[in-house]
Amino acid sequence: MHSSKTKFFNSQVEEEWAAVDYSDEKIVRIDRMLRLAQVRMGMKILEPGCGTGRLTRILADRVGTGGHIVAIDISEKMVEACLRKANWKAHVEVVCASVEEYPLPPREFDAVICHQVFPHFNDKLTALNVFSTILKPYGRLAIFHFINSAQINDLHRIAHEAVMEDLMPAEDAMTSMLDSVGFQIDIFEDDENGYLLISHLVH
Ligand SMILES: C[S@@+](CC[C@H](N)C(=O)[O-])C[C@H]1O[C@@H](n2cnc3c(N)ncnc32)[C@H](O)[C@@H]1O
């Protein structure tokens, strides 16, 4: 049985926002985010909401074959598209599941990269708790969007009823949720250049 959100994202798989590779300008911004999140060769990374795999492919190159990527998405159409882009890489695992529910090994990941997905988690605190459990001590969590929170929320309110309540929490709510599951914020930007939150587990 599909949730309305899964159906919505299945219907989006060929839309430009999901399918077209990043422009050079967006690649520069992704590079900066990955540098600030300290993504390096050999790392094990969780990518919730991988979509068609545009970022998955970049992450796979960054960590190299000595690293490992687990890319998860609730939409089977997105997962199929992601597999087409990344299945030739043995160190990339693509899973169709909700990140809040999928069993992952504790304390094994170096970083979690949430690109344009955080507002879509039905239970944001549960998702953060999962990230806190699966990250190694001092592991990093990045939450990154090309647009800022006001633009994200305006977009989702009018995009479709399946995502109209998928909003980015205000900064104080984010800080308190992150703090409650053991994260400390290192970088918070929410401005004309988009949304970037980098945090690390304090223990
Ligand atoms: C806006 S898209 C972003 C896709 C990709 N990260 C990108 O930037 O192109 C959000 C994706 O998150 C997925 N998604 C939503 N909720 C999810 C959840 N709880 N667990 C895993 N994936 C989820 C959707 O199916 C969709 O593919």
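## Ligand shell

By class, the residues around the ligand comprise 10 nonpolar, seven polar and three charged ones. The model described here is predicted. In this model the ligand is surrounded by 20 residues, and the closest are Gly-49, Arg-54, Asp-73, Glu-100 and His-115. The site that holds the ligand is the largest pocket.

## Polar atom pairs at the ligand

Three of the closest residues also appear in short distances between N or O atoms and the ligand. In Asp-73, a side-chain N or O atom lies 2.5 Å from an oxygen atom of the ligand. The side chain of Glu-100 places an N or O atom 2.6 Å from a nitrogen atom of the ligand. For Gly-49 the backbone is involved: one of its N or O atoms is 2.7 Å from a ligand nitrogen atom.

The surface of the ligand can be considered next. The ligand exposes 590 Å² when taken alone, and the protein buries 95% of that area.

## Aromatic pairs

Across the whole structure, a search yields seven aromatic pairs. One of them joins Phe-9 and Trp-17, with 6.3 Å from centre to centre and 75 degrees between the planes, an edge-to-face arrangement. The two partners can also be described by their accessibility. Phe-9 has a relative accessible area of 11% and is therefore buried, the cut-off being under 20%. Trp-17, at 43%, is partly exposed, because this value falls between the limits of 20% and 50%.

A further pair is formed by Phe-121 and Phe-131, whose ring centres are 6.0 Å apart. Their planes stand at 65 degrees, and so this pair is edge-to-face, a class that requires an angle over 60 degrees.

Terms used: Residues are numbered from 1 along each chain as its sequence is written. This is a predicted model: local features need pLDDT of at least 70, side-chain atom pairs count only at pLDDT 80 or more; totals for chains, interfaces and linings use all residues. Side-chain values use heavy atoms; hydrogens and water are left out. A residue is near a molecule or strand if one of its heavy atoms lies within 4 Å of it. A polar contact is a pair of N or O atoms within 3.5 Å; within protein, one must be able to donate a hydrogen and the other to accept it, and residues adjacent in sequence count only if both atoms are side-chain atoms. Accessible areas come from the Shrake-Rupley method with a 1.4 Å probe; for residues, only the protein chains shown count as cover. On a 1 Å grid over the protein atoms alone, a cavity is a set of points where a 1.4 Å probe fits but cannot get out, and a pocket is an open set with protein on both sides within 12 Å along at least five of seven lines; lining residues have an atom within 4 Å of a point. A molecule sits in a cavity or pocket if more than half of its atoms lie within 2 Å of its grid points. Ala, Val, Leu, Ile, Met, Phe, Trp, Tyr, Cys and Pro count as nonpolar, Asp, Glu, Lys and Arg as charged, and the others, Gly among them, as polar. Rings of Phe, Tyr and Trp (its six-membered ring) pair if their centres lie within 6.5 Å; planes under 30 degrees apart count as stacked, over 60 as edge-to-face and the rest as tilted. Buried means under 20% relative accessible area, exposed over 50%, partly exposed in between (1.4 Å probe, protein chains only).
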